[in-house]
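Please find below some notes on the model, set out point by point. They are meant to be read with the structure open.

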Amino acid sequence: MDAYLTVEFSGYDTIGTAAFHFDEESFCADYADKISYEGEEPLGELVSGEVACEILVQDCIDGELSEVSELSNGDTVVFTWDCDDATAERDFGVRLDYEDVSIQVIGLEAADVVDPFEDVELVVDGIAPFGEATLVNHSSAPYAGDIPFEMDTYENLDNGATVTVSIPQVDSDAMRTYYLQNYGISFSQTEKTYPVEGLTTYLKSLSEIPADAMQEMQARGEDAIRAEAAQDWGENVTLTAASCLGSILLTAKDMDDGSVNNLIYLVYQIESSVTVQEETEATEDAPAVTTERQEPVTYFYTVMFDNLLLNADGTVQVDFGDYDVPSERFTREIGGSRYRFRGFEDLDAMFRECVTVNIDRYAYESSVTAA
């Protein structure tokens, strides 16, 4: 009977399947004229030849394969016959001749090995250390939309961090079988780590500020000083000069999304003068005379910008139109009158109000030098 047995293999290597077939048609074509039913049932008087052979096959011939699934090329499966020899001899007068058959698995298709991450891009956005990541799959492969990528983290990201992307449970038998059966593929890797880079960051050092950005901030500061002098100062108070002495950068020790995470003070030395009129008393010999003298006033002024951002290309984002000037004022008595100036009488007072009061929350760097 071994000559009428065939075993067929199908599917993909590692998940192949096997099925056996007994060629009843050929078997009966060869033996039908030698088989007749000789059993005690009345059926024997009616059955012979082809029909008797078919009943023999149905009632007496069977078997099974040792493995029928999860097969790989090169494996060996064994077909073991399970025949009813006694009934074959008694009712059909035949002896069945067979042996167990060992068959090597061949012909299973090789899966296409693909890199599921080949066209997958990690896109980061936002401001470090609060960046966010999303995955963009540019692949047009039929399986691309059927891969459940998973990120180990996607928020609160800083440059230099990493995001590991994996395909959950893809190494399980069920998932491996799924992709082989549906797409004929296996994966060359199931996990990939992407670096986080290119995020805009909060500026942390004065050296990171390009010259053009610093010049623009200084120019805005000078414009603010001139505007204040024109709008608020009396006619007898004159702005003589305003020179920038440097900058003080404060950076938050504990950054918080949506808060002020850095601020820069541009420190100016203001040279102004107050015109004082003095009148001499009239005498018998001379009338009263009015004279003028200039009383210089030197003080310090700050213009503050906050949340400066450093782009990956080295440029800096600054809202040049959004700045603060001091709320502090001091008073000078000149020529018998009192004058109030916005700013600080000395650098120590400026440093105390701008830096010292914030030292618990901010680190600082200063480039201020006295004129």
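1. Where is the place of N156? N156 sits in the loop between β10 and β11. This is a predicted model, in which local features need pLDDT of at least 70 and side-chain atom pairs count only at pLDDT 80 or more, while totals for chains, interfaces and linings use all residues. Residues are numbered from 1 along each chain as its sequence is written, and side-chain values use heavy atoms, with hydrogens and water left out. Helices (H or I, at least four residues) and strands (E, at least two) are DSSP runs, numbered from the N terminus.

2. The backbone of N156 deserves a look. Most residues other than glycine have a negative phi, and most peptide bonds are trans. N156 is not a glycine, yet its phi is positive, about 55°. N156 counts as exposed because its relative accessibility is 55%; buried means under 20% relative accessible area, exposed over 50%, and partly exposed in between (1.4 Å probe, protein chains only).

3. N307 has a positive phi of about 50° and is likewise not a glycine. N307 is found in the loop between β17 and β18 (309–310). With 26% relative accessibility, N307 is classed as partly exposed.

4. One peptide bond to check is that between A128 and P129, which is cis, with omega about 5°. P129 belongs to the loop between β8 (127–128) and β9 (132–137).

5. Next, a sheet. Strands of a sheet pair through backbone hydrogen bonds, either parallel or antiparallel. Here 3 strands make an open sheet, ordered β10-β11-β13, with antiparallel pairing. Its edge strands, each paired on one side only, are β10 (150–151) and β13 (191–195). Two strands pair if DSSP finds at least two bridges between them. Between β11 (residues 162–166) and β13 there are 5 bridges, and T164 faces T193 of β13.

6. S166 is in strand β11. S166 counts as buried because its relative accessible area is 18%. Apart from neighbours within four places in sequence, S166 contacts P148, F149, E150, T190 and E191; contact means heavy atoms within 4.5 Å.

7. Strand β15 (residues 237–252) pairs antiparallel with β16 (residues 262–279) through 13 bridges. I248 has Y265 as its bridge partner in β16. β15 also runs antiparallel to β22 (residues 362–366), with 5 bridges between them, and L250 is partnered by Y364 in β22.

8. T298 is part of strand β17 (residues 290–306). Is T298 buried, partly exposed or exposed? T298 is partly exposed, because its relative accessibility is 30%. Not counting residues up to four places away in sequence, T298 touches Q269, I270, E271, R332 and E345. The side chains of T298 and E271 share a polar contact of 2.7 Å. A polar contact is a pair of N or O atoms within 3.5 Å; within protein, one must be able to donate a hydrogen and the other to accept it, and residues adjacent in sequence count only if both atoms are side-chain atoms.

9. The largest pocket has a volume of about 190 Å³. On a 1 Å grid over the protein atoms alone, a pocket is an open set of points with protein on both sides within 12 Å along at least five of seven lines, where a 1.4 Å probe fits; lining residues have an atom within 4 Å of a point. The volume is the space filled by probe spheres set on the points, which are joined across faces, edges and corners. Its lining includes M1, Y4, F27, K34 and I35. By class the lining has 8 nonpolar, no polar and 3 charged residues; Ala, Val, Leu, Ile, Met, Phe, Trp, Tyr, Cys and Pro count as nonpolar, Asp, Glu, Lys and Arg as charged, and the others, Gly among them, as polar.

10. I35 lies in the loop between α1 (24–31) and α2 (49–60). I35 is buried, at 5% relative accessibility. Neighbours within four places in sequence aside, its contacts are S48, G49, A52, C53, L56, F92 and V94.

11. The second largest pocket has a volume of about 150 Å³. Among its lining residues are Y265, T302, M304, D324 and C354. β17 and α6 (347–354) each supply at least two lining residues. The lining comprises 6 nonpolar, 2 polar and 3 charged residues.
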